[in-house]
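Me: Got a model I'd like to talk through with you. Can we go over the ligand surroundings and the helix packing?

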Amino acid sequence: MLRSLTLATALSLGLGFAVPGPAQAADAAAGQKAYAKCRVCHALEAGKNGVGPSLKGLFGRKSGTGAGFKYSDAMVAKGVVWDEASIAAYIADPKGYIPGNKMIFPGIKKESEVADIIAYLKEATK
Ligand code: HEC
């Protein structure tokens, strides 16, 4: 609870996870390792959908608009543009951020791990 409050606070302040700091610097290499948790469902090649949609071109895309994937109504209705803050909020607590979405994933509670994954995805989804 305390942790998610801290996360929510950071997000609402617009700090996201981009602020480099000695203790919090995101680590893309660690993020690549942690992405193993996502890779089972998400390919990074364009158009390659699996259990989840391809994450190619994720940043700047609206939720639920990846080509050729059948999203839940909840994901489409959310209509959020994916950026560092929204991706962080979603993967930290998928059900809390988008109630009714169909990604079967409990969420990543460690803020530094969320930040690492995002640092990795920023490059890998280009
Ligand atoms: C068990 C399979 C599964 C795992 C594991 C998983 N996802 Fe998902 N993900 C999905 C599904 C299914 C959807 C579509 C949800 C919907 O339409 O409601 C989705 C949707 C998404 C979206 C929205 C994509 C879009 O085009 O709008 C993002 C971002 C995302 N996942 C990131 C991640 C990340 C990062 C991880 C790892 C931390 C992860 N997911 C782990 C299945 C998974």
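Here are some questions and replies on this predicted model.

Me: Which helix gives the most to the shell around the ligand?

Reply: Three helices, α3 (36–39), α4 (73–78) and α5 (84–92), each put in at least two residues. One of them contributes three residues, and that is the most any gives. The helix is α5.

Me: And how many residues surround the ligand?
Reply: Cys 38, Cys 41, Gly 52, Ser 72 and Asn 101 are the closest ones. By class, the shell has 18 nonpolar residues, with seven polar and two charged ones. The total surrounding the ligand is 27.

Me: Which helix supplies the largest share of the largest nonpolar core?
Reply: That core has 19 residues, and those touching the most other members are Ala 88, Ile 91, Ala 92, Val 114, Ile 117, Ile 118 and Leu 121. Both α5 and α7 (111–124) supply at least two residues of this core. The largest share is seven residues, and they come from α7.

Me: How does α5 sit against α7: roughly parallel, roughly antiparallel, roughly perpendicular or oblique?
Reply: The axes of α5 and α7 are 10 Å apart, and the packing angle is about 130 degrees. Roughly perpendicular stops at 115 degrees and roughly antiparallel needs over 145, so an angle in between belongs with the rest. Therefore α5 is, relative to α7, oblique.

Me: Is the crossing of α5 and α7 left-handed or right-handed?
Reply: This is the pair with an angle of about 130 degrees between them. As α5 passes α7, the crossing is right-handed.

Note on methods
Residues numbered from 1 in each chain as written. Predicted model: local features only at pLDDT ≥ 70, side-chain atom pairs only at ≥ 80, totals over all residues. Near = placed C-beta within 6 Å. Helix = DSSP H or I, 4+ residues; strand = E, 2+ residues; numbered from the N terminus. Nonpolar A, V, L, I, M, F, W, Y, C, P; charged D, E, K, R; others polar. Core = buried A, V, L, I, M, F, W, Y, C linked by C-beta atoms within 7 Å. Buried ≥ 20, exposed ≤ 12 C-beta atoms within 10 Å, placed from the backbone. Axes fitted to C-alpha atoms, helices over the stretch in contact; angles between N-to-C directions. Parallel < 35°, antiparallel > 145°, perpendicular 65-115°, else oblique. Left-handed = near helix turned anticlockwise from the far one by under 90°.
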